[in-house]
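User: Could you take me on a close look at the sheet in this model? I would like to see how its strands are ordered and paired, with a word on the helices at the end.

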Amino acid sequence: MNDRVVLTRNGAEELRAELAKLKSVDRPNVIAAIAEARSHGDLSENAEYDAAKEQQGFIEGRIAELESSLSIAEIINPLKIAQDGKVVFGAYVNLYDTEQDSTVHYQLVGNLEADLNKGRISISSPIGKALIGKHVDDQVEVAAPRGKRVYEILKVAYK
């Protein structure tokens, strides 16, 4: 993995918790499911066995990904970055969407912890790239699938 892995402290804690759950709960559960499916006989036509093995592959892959990423991750505290009121990694940003006449709120995070449903966008996303280094009252243009979007930065906070 050559890409730099950056995380907020909270993001790192969430990923460590996910890793612990995968190892202590999900992995044993899928092993038990495989054993149960094996006890039903002919594995060549056993859908339960196939599903459990597929789930095991997903779990083991996710464990490997998390272990690798967490081992090289750089935990960045936005409070320790020279912010000067600008948008930096980890910052919370309130934006005015000029086209939608609405306000949106995001935190800029690393790729591993990005989750739009939780208001976390990656610093490598188009909007994340456009926001980095900008200040309150700046406008940013973002190329979106439905065309250009314009946002005005209303507030920048660091927690």
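Analyst: Happy to! Let's start with one pair of residues: Leu-95 has Ile-153 in strand 7 as its bridge partner. Please keep in mind that this is a predicted model.

That pair belongs to the contact between strand 3 (residues 92-97) and strand 7 (residues 147-157), which run antiparallel and are joined by 6 bridges. Next to Leu-95 in the sequence is Tyr-96, and opposite Tyr-96, in strand 7, stands Glu-152. As a general point, side chains in a regular strand alternate between the two faces of the sheet.

Leu-95 also looks the other way, towards strand 4, where Val-104 stands opposite. Strand 3 and strand 4 (residues 102-109) are antiparallel too, with 6 bridges between them. These two strands make a hairpin with 4 residues between them, and in that turn Asp-101 has a positive phi of about 50°.

Now step back to the whole sheet. It is open, has 5 strands in the order 5-4-3-7-6, and its pairing is mixed. At the edges stand strand 5 (120-122) and strand 6 (139-144); each has a single partner strand, so one side of each is left without a neighbour in the sheet. On average, neighbouring strands here are turned by 45° against each other, direction ignored.

Where does the parallel part of this mixed sheet come from? Strand 4 and strand 5 pair in the parallel sense, over 3 bridges. Within that pairing, Leu-108 has Ile-121 of strand 5 as its bridge partner.

At the other edge, strand 6 runs antiparallel to strand 7, and 6 bridges join them. Ala-143 is found there opposite Lys-148 of strand 7. The two strands form a hairpin as well, with 2 residues between strand 6 and strand 7. In general, it is backbone hydrogen bonds through which the strands of a sheet pair, either parallel or antiparallel.

Some side-chain detail is worth a look while you are here. Over the ring of Tyr-92 sits the charged end of Lys-159, 4.5 Å from the ring's centre. As for ring-to-ring contacts, a search of the whole structure finds 0 aromatic pairs.

Finally, the helices you asked about. Helix 1 (residues 9-38) and helix 2 (residues 47-72) have axes that come within 9 Å and cross at roughly 155°. The two helices are therefore roughly antiparallel to each other, and the crossing of helix 1 and helix 2 is left-handed. The residues of this contact divide into 15 nonpolar, 2 polar and 11 charged.

If you go back to the sheet after that, Leu-95 is a handy place to start again: Ile-153 is its bridge partner in strand 7, and Val-104 stands opposite Leu-95 in strand 4.

Note on methods:
Residues are numbered from 1 along each chain as its sequence is written. This is a predicted model: local features need pLDDT of at least 70, side-chain atom pairs count only at pLDDT 80 or more; totals for chains, interfaces and linings use all residues. Side-chain values use heavy atoms; hydrogens and water are left out. Axes are lines fitted to C-alpha atoms, for helices over the stretch in contact, and angles run from 0 to 180 degrees between N-to-C directions. Angles under 35 degrees count as roughly parallel, over 145 as roughly antiparallel, 65 to 115 as roughly perpendicular and the rest as oblique. A crossing is left-handed if the near helix is turned anticlockwise from the far one by less than a right angle, and right-handed if clockwise. Ala, Val, Leu, Ile, Met, Phe, Trp, Tyr, Cys and Pro count as nonpolar, Asp, Glu, Lys and Arg as charged, and the others, Gly among them, as polar. Two strands pair if DSSP finds at least two bridges between them. Rings of Phe, Tyr and Trp (its six-membered ring) pair if their centres lie within 6.5 Å; planes under 30 degrees apart count as stacked, over 60 as edge-to-face and the rest as tilted. A charge sits over a ring if NZ of Lys or CZ of Arg is within 6 Å of the ring centre and within 35 degrees of the ring normal.
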